[in-house]
Structures are given as C-alpha cells and as structure tokens.
Amino acid sequence: MTEFRVWAPKPELVRLDVDGAVHPMTRSADGWWHADVGAPAGARYGFLLDDDPTVLPDPRSPRQPDGVHERSQLWDPAAAPWTDGDWPGRPVEGSVIYELHLGTFTGAGTFDAAIENLDRLVDLGIDFVELMPVNSFSGTHGWGYDGVLWYSVHEPYGGPDGLVRFVDACHARGLGVLIDAVFNHLGPSGNYLPRFGPYLSSASNPWGEGINIADADSDEVRRYIIGCALRWMRDFHADGLRLDAVHALVDTTAIHILEELATETDWLARELGRPLSLIAESDLNDPRLITPRGRNGYGLTAQWADDIHHAIHTAVSGERQGYYADFGSLATLAETLRRGYFHAATYSSFRRRRHGRPLDTSEKSGIPATRLVTYTCTHDQVGNRALGDRPSQNLNPGQLAVKAALVIGSPYTAMLFMGEEWGASTPFQFFSSHPEPELARATAEGRKAEFAEHGWDASKQGDIPDPQDPETFLRSKLNWGEADSGDHVRLLGVYRDLIALRRNDADLADPWLERLTVEFDETERWIVVHRGRLRIACNLGADPVAVPVTGEVVLAWGEPKTGAGNTVLEGHSFAILR
C-alpha cells in the first residue's frame, strides 16, 4: 500500500485519482487528507477538489513527467542509484562557485549533457556548481524562477533521475552542488496551490503574489517551504541552496523563516555528517543574515554582495545607469573592497533613501569576508540588461582580466557565471515559454518596464528580444567551441591561474578585512589591493601607468615592467606581485 497525503484545508471534499481510478480520502482536524491505496511504482496520480472534475497535481509532487498542469508521478528517492557514499562534503566559505543555467549550459540543455562538461570545471579549479532553479515550471524552457511545483525537478532537464546522476557525477569529481531555490513567489502558470490552502499572502512583490509565511494559517506553509529546502539537500544530496531574493520574504513573526531554515539545515548537516550551506540573495545590506544565531543573527552561511560587483563593474566599464549611479570612482571601489557593503546606513540615489547597515568586518565580529559572495557578473547582471549582453561583449580582454583579478584575488567567496572564464561571446537573455498567449504578452511588457526602471533605454540599444521567441533561448546557449580559440584561450588561462593562486597562497586565504589595505590614484586610474605579502595592482585606464609597488611578478595580464620603485602596467592590465 502507498500512503497518499495532501494538506488541503480549503476544499470540503478531496478525492485521490490514481491512474484514472478514484479513491476517497479522509480528512484530519489539521486539514490533512489521507488515503492508503495500492499503487504500482511510477503510478500517475492527482487530486480532485470538491466537485471539480479536473485532476490537480500534488503540491509536493515528486515528479511531473507531462508538465505542471498534469498528473504527478510516484518517484522513490530511496531507490536512486547513488555512488557518493564517501562524499565528505565541503564548506562553501572561501570557495570558488560556478553559476550555470542548465538549459543553456550545453546545446542539449540536460543534466546528462552537463555532466560531459564537468571535467572542464574541475580543470578550471571550481569548487561548487550552482544550478539556477531546476524546480518544475510551465513550458519547456525558462530561467526557472517561475516555479510552481517546488518539490519536483523540471522534466525537460532530465527530471529527478537526471538530477541524481548530475549530483552524483559532481561529487565523484570533488565538486559540491548548490541549487537555487525560489520561495518568495510562485509562477503565474500552473499555480494550483491556492486551490488547496492559504499559500498566498495579501502582499506582493515585483515577480508575483507573495507567500503566506506570517499571516493566519501560515504554519503549514512555512513547513512546506522548509520541507522543500531540506528535500534538495537530503533526497538529492545537494550541498546547499542559494535562496532567491530573501528581502521579498515578508515575515513579521518573532522567529524569521530564514533563521528557522538555517537551524533545521544545521540539524540536517549533523544528521548527514557533511556541511550544508545556505546563501542568500538579499537587497537589504543587512548583516543579520550572516551573523551567527548566538549573536542574534539568522545564521546563514553567506550572502551575495551586489555592492562589490557594482563597484568593480562601474570602475572598469564606466557605466553609471540605474542602480550603478552611486558607484564608479576608485574611492568607492576601495571603500567597498574594504568593508563589503558600500551602502551601510548611507544614502542611495537609486532608492532615494538611506540604505543598509554597517557590517563589522573585524575578526572579533566572527563574520569573515568569506560570508560575502562576489562576482564579475551573474545571471541577473547579464540577463537583466535590455539585450542580455555580457561584459565580454562590451569590454576588451584586459578589462575582463582586471575584473577577474579583483574578484578572485579578494578575500570574499568568489563566483563565476558560466562562460565568463573564456569571455563567451553569446548573450544571456531573458527567455520564457509560457503556453498562454496573454501571459506571454504580459511577460514581455513587464520585462520592458523593468528594463526602463533599471535605466536601460531600449531605443538606443536596439529592440529588446522577445522572451517567447525560441531564438532568444537558442542564442543564449554557450558556444563551447570558442573556448579553445583566440583571446578566449588566453583569458581562460588567466582565470585558471588566478584560481590556482587563490587556492595555494596562504595570503589569499586570509578572510579578515581589517588586514586588507587598498591604495589608489583616481586620476591615474590605478588601484592596489594588499593581501599580506601579495599586491594586486590594476590599471583601469587605457594608457600605461607607473604604480608605486615592486616585487616578483607572480601573475599578470600584459607585460609589467618593474624597477626604480615602480611597476609600469600596460593599459587595462593587472599584475600580482610578491
């Protein structure tokens, strides 16, 4: 017999459909419905609510072989053929993470195809692979942030069996796996949860209706979220999660859901005997996220640090639109590298208000720099541009190398976005495949409005690609063939050398910002980051410049010349000296 359970306090009657046969269910006082039914492995099933003849998928569906509008399918995680029993796990702090989108990482866009490229990541020196959302969403392809069945794996990628093979293959190569989880909203197509219970709140966010995590009857919704998070790490052996836009989780309870999730994740880590990590994406610049719970924080492992990205990108590229307006100077870059946040109870012109809170970066604070994740670009920082153009489409190879040196040579946990290591020429555009025409039109219009809010003037950059056009998706796929040609080879080699130096040099492992110093010259456009005995000297200008540091050149882009108390750097180049 198989036990079927569903939390459905809203309907008066719930029945179970297994392969077309309808069975009664019994309701408990807490709103859970139960039925024990003989069902073969792989049976298709769903629920009938009240007198509606439509069979709805299980909110905790383990598999959706025919898409999010159809029946669920039984899938037993205990039967998965794992071979990673000896995998000890690895801590995420101080590592190098590689963010990728499964559908565009390879031509086939599947877990099995991605496995074929894992050895490239090992050779590069990557520690963790971070998958953009792989939960079930409507349509065949998309970014994954419009998920509606959070417990199941998107079938076109390979479903749950494909994810098992992928994680197992990563662990066999020493790679940890992080999964991007979206708990702040639900997608607009295939969201049947409100039919079952009070999953939605009265609040909303830019991406959809908010989740009920603090209103009446929210306890089971919170368990739904936490249960999903733990499932990725327990049933699919993921080493942690990246939590999307946690600032959109409106929680007014005394124990924030992030603190609750961090506590239960730590319990699961002890049970499994390996480290598990939670990384938040947050727009708040709030140190409480990464402050230990013993010091009244939430106790998350790390958070994305957009301010560092903005400071590096604007200083190198010269862009100033939208949320980049407060960044761009070398003084801003130096200050942000020194303290992690730039906006720390300071005025943000983009928000038109004071923003953030200072982060105590001293060793006594117990918050090392490795709890902030920084990057030269992410899926957002590329895909949220009107044309989805990468830095490699606007900057020269030297500028890309300078950005890489500042990120990988920093004391922060480093992250790459797929293809940046060789300066991929393909864009990463926003794409979707909603089957509903009205929703498709609304999505396209919504993206144009969002681009305008962020300062992108489409009239000056050409037409914004239609997210629903299949070509938008296809042109965003990586072209791995170019990684072995021209300047791509040279840039890839520098990335590989930077990561190796980061891994092998003790000075670059120091996580305390109070021991980091920065010098710069705003006029001459050079900056030097001091990491113990190492000096990372960068020329952000186009002309050669003499930088007042000398020593043995350990790694460089260009041909630096040392002597007479100076090192002369070519335009758009860097040198790491000891």
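Contact here means heavy atoms within 4.5 Å. The model is predicted, so to speak of local features a pLDDT of at least 70 is needed, side-chain atom pairs count only at pLDDT 80 or more, and totals for chains, interfaces and linings use all residues. Residues are numbered from 1 along each chain as its sequence is written, and side-chain values use heavy atoms, with hydrogens and water left out.

Phenylalanine 574 makes a good starting point: beyond residues up to four places away in sequence, Phe574 touches partners including Val402, Leu498, Trp557 and Leu569. Phe574 is also one of the residues that touch the most other members of the largest nonpolar core, which holds 154 residues. Such a core is a set of buried Ala, Val, Leu, Ile, Met, Phe, Trp, Tyr and Cys residues joined through side-chain atoms within 4.5 Å, where buried means under 20% relative accessible area, exposed over 50% and partly exposed in between (1.4 Å probe, protein chains only). Helix H6 (residues 219–234) supplies the largest share of this core, nine residues; helices are DSSP runs of H or I with at least four residues, numbered from the N terminus.

Val402 also takes part in a helix pairing, where Ile312, His313 and Val316 of H8 meet Gln399, Val402, Lys403, Leu406 and Val407 of H11. The crossing of H8 past H11 is right-handed, that is, the near helix is turned clockwise from the far one by less than a right angle.

Elsewhere, aspartate 380 sits in helix H10 (residues 379–383) and is buried, at a relative accessible area of 16%. Its contacts beyond four places in sequence are Trp143, Arg242, Glu281 and Arg385.

Definitions and conventions:
Helices (H or I, at least four residues) and strands (E, at least two) are DSSP runs, numbered from the N terminus.
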